[in-house]
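Biologist: I am new to this structure. Please take me through one pairing in a sheet, close up, and then work outwards from there.

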Amino acid sequence: MLKKGVLNSICTTNFDLLIEKALVSEGFEKGVDFEKYHTEQDFRNFYWAIEKPKLIKLHGCVTDREEIGITLDIVAGSDSSMHRNQLVKEFFSKKFNDVVIVIGYSCSDIFDISPQIEAVAQDKSEIIFVEHKNGKLDPIIKELSKCGDDFPFKFHPGFKVTIDANHFCNLLWNTVLEEDYQVIQGKTNWEKIVESWIENSVFENGHIVKYILPARLFFDISQYEISLQYCELGKQGAQETGNFKAFYSEMGNAGMALNALGRLDEALEYLKNSIVGCRMVSNQKGVIAQSQVLGHIFRNRLEYDLALQRFQDALLAAEQIKDQFSICTSIGNLCSVYNHIGHTAESEMLINKGIKIARRIGNKQSECAMLCHLGIANFKKGNSSASLELIKASLLLAQTIGDERCEAMAHLNLSNVETNSGNKINGINHARLALDIAVRLRLLQEEKKARFLLMMYDLLG
């Protein structure tokens, strides 16, 4: 549609190159047929009067890694973000764009994008906000002003349309253009990828892969007893073949299953022995994984010093092998402990580091957890309004990516904050939602917390 002149600009928070590749495939050349803006210098020199189509990448581009991600101190309002902020305000003003179609956006950028959208003072663009629902052909249309206080476009004229996004694009195309709409799709050969993965697993682990894979799969669907049985079979097979790496890995996986089943003393023994063995065979990923689980056990037992030690061990091991994903999860876990013991300054300092990494590598699960931890830190400091805003952003992101464990965590924390803010009914509702998820997914710790909250609500009337 950009090629046909229907659109004049595209604004995205994604930093991948998919849009650029699509433009190139249609014959566009950067600097000739369109202009790209993704650095603070670009935003400083931006002019709407340039007639070429514009691609604006608010969170930077993968081609310039220093620009990817926005640390919390920058988005809080420092000078280096002022040009970006101004551009966001202008993009959503009628002076430059009469109508803006928003599609594929979670509205979770509460630090930088959302405040600027809400700050558009007058001549607001009309917004068509597309909420994707797979397979839905009959749209549900709702005025933006009725979409809730947390919705950044609530002050703009326009509508929220719940519909299958592909179907919406089809309708839009056929409405404004005369030629037929064509869907161009890439195809990933998942069968070949899975076969290659299995071949590598078999090469590395031999016949015991027939135990290792089911153990992991049953764990992921919360069938912990069956997972434990396969872990023990895998451990036995690894011992018989002298595969010590697999032996200690399966010992750790068995410890994870025992933890999920609430058999904590056994889990501790398995996990500690697994860490020792993983260090012996230089399996740093095993050290990281088992240290994380040990940290969770100690945190749930309120043994915070031991929890901190284990999470710090995991972070150190992750940094040694430059495992960015594990660095994110380790930071998130450390923040949870610091919040429990009231060290909110340490928690916020780590989140500044962690959320930047999470956004750079696209680790939405860690970003979701860190938003929640930051909300808890604000609650501990007495800032309930900021706490609610941050945890609700975490909840929205969790629901968007389908992370129900993080969703349950967000509901539990919202229950606490809402109740302490005088909104008992909201607190009860969030506790019930958390309990529903925890029971369905067999999340024992979350279930205990939710039942405790509901019991306290009953006792206090």
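Modeller: Start at Ile 140. Ile 140 stands opposite Thr 162, a residue of strand β7. Keep in mind that this is a predicted model. Ile 140 is where strand β6 begins, since β6 covers residues 140-143. β6 and β7 are joined by four bridges, and their sense is antiparallel.

Now stay on β7 and look at another partner. Strand β5, residues 126-132, pairs with β7 as well. Here the sense is parallel, and the bridges number six. One pair to find on screen is Ile 128 and Phe 159: they are bridge partners, with Phe 159 in β7. In general, strands of a sheet pair through backbone hydrogen bonds, either parallel or antiparallel. β7 shows both kinds: parallel with β5, antiparallel with β6.

How enclosed is β7, and why? The strand spans residues 158-163, and five of its six residues are buried. Buried here means under 20% relative accessible area. With that many residues buried, β7 is largely enclosed by the rest of the structure.

Step back to the whole sheet. Four strands make it up, and their order is β4-β5-β7-β6. The sheet is open, and its pairing is mixed. At the edges stand β4, residues 99-103, and β6; each of these pairs on one side only. Neighbouring strands are turned against each other by 20° on average, with direction ignored.

A helix belongs in this picture too. α6, residues 165-176, lies across β4, β5 and β7. It runs at about 150° to β4.

Next, look at Gln 116. This residue sits in helix α5, which covers residues 113-118. Its relative accessible area is 12%, so Gln 116 counts as buried. Leaving out residues up to four places away in sequence, Gln 116 touches Asn 85, Val 88 and Lys 89.

There is another sheet to visit. Three strands form it, in the order β1-β3-β2. This sheet is open too, but its pairing is parallel. Its edges are β1, residues 9-12, and β2, residues 35-37. Each of these has a single partner strand, so one side of each is left without a neighbour in the sheet. The twist from one strand to the next averages 10°.

Take one pairing here as well. β2 runs parallel to strand β3, residues 54-57, and three bridges join them. Glu 35 has its bridge partner in β3: Lys 54. Helix α1, residues 18-25, packs on this sheet and touches β1, β2 and β3. The direction of α1 makes about 165° with that of β3.

From β2, make a long jump to helix α7. Ser 196 lies in α7. Its C-alpha atom and that of Lys 36 are separated by 38 Å, while the two residues are 160 residues apart along the chain. At 34% relative accessibility, Ser 196 is partly exposed.

Val 194 is in α7 too, a helix of residues 190-205. Val 194 has a relative accessibility of 39%, so it also counts as partly exposed. It helps to make a nonpolar surface patch, along with Trp 197, Ile 198 and Val 202. The area of that patch is about 340 Å².

Two loops complete the tour. Ser 222 lies between α8 (209-220) and α9 (224-241). Its phi is near 70°, a positive value in a residue other than glycine. Leu 302 lies between α12 (284-300) and α13 (304-320). Its phi is near 65°, again positive in a residue other than glycine. Which of the words buried and exposed fits Ser 222? At 10% relative accessibility, Ser 222 is buried. Leu 302, in contrast, is exposed, with a relative accessible area of 57%.

Back to the start, then. Ile 140 faces Thr 162, in a strand with five of its six residues buried.

Notes:
Residues are numbered from 1 along each chain as its sequence is written. This is a predicted model: local features need pLDDT of at least 70, side-chain atom pairs count only at pLDDT 80 or more; totals for chains, interfaces and linings use all residues. Side-chain values use heavy atoms; hydrogens and water are left out. Buried means under 20% relative accessible area, exposed over 50%, partly exposed in between (1.4 Å probe, protein chains only). Contact means heavy atoms within 4.5 Å. Two strands pair if DSSP finds at least two bridges between them. Axes are lines fitted to C-alpha atoms, for helices over the stretch in contact, and angles run from 0 to 180 degrees between N-to-C directions. Patches are made of residues with over 30% relative accessible area and no salt bridge: like charges are joined within 9 Å, nonpolar side chains (Val, Leu, Ile, Met, Phe, Trp, Tyr) within 5 Å. Accessible areas come from the Shrake-Rupley method with a 1.4 Å probe; for residues, only the protein chains shown count as cover. A salt bridge is a side-chain nitrogen of Lys or Arg within 4 Å of a carboxyl oxygen of Asp or Glu.
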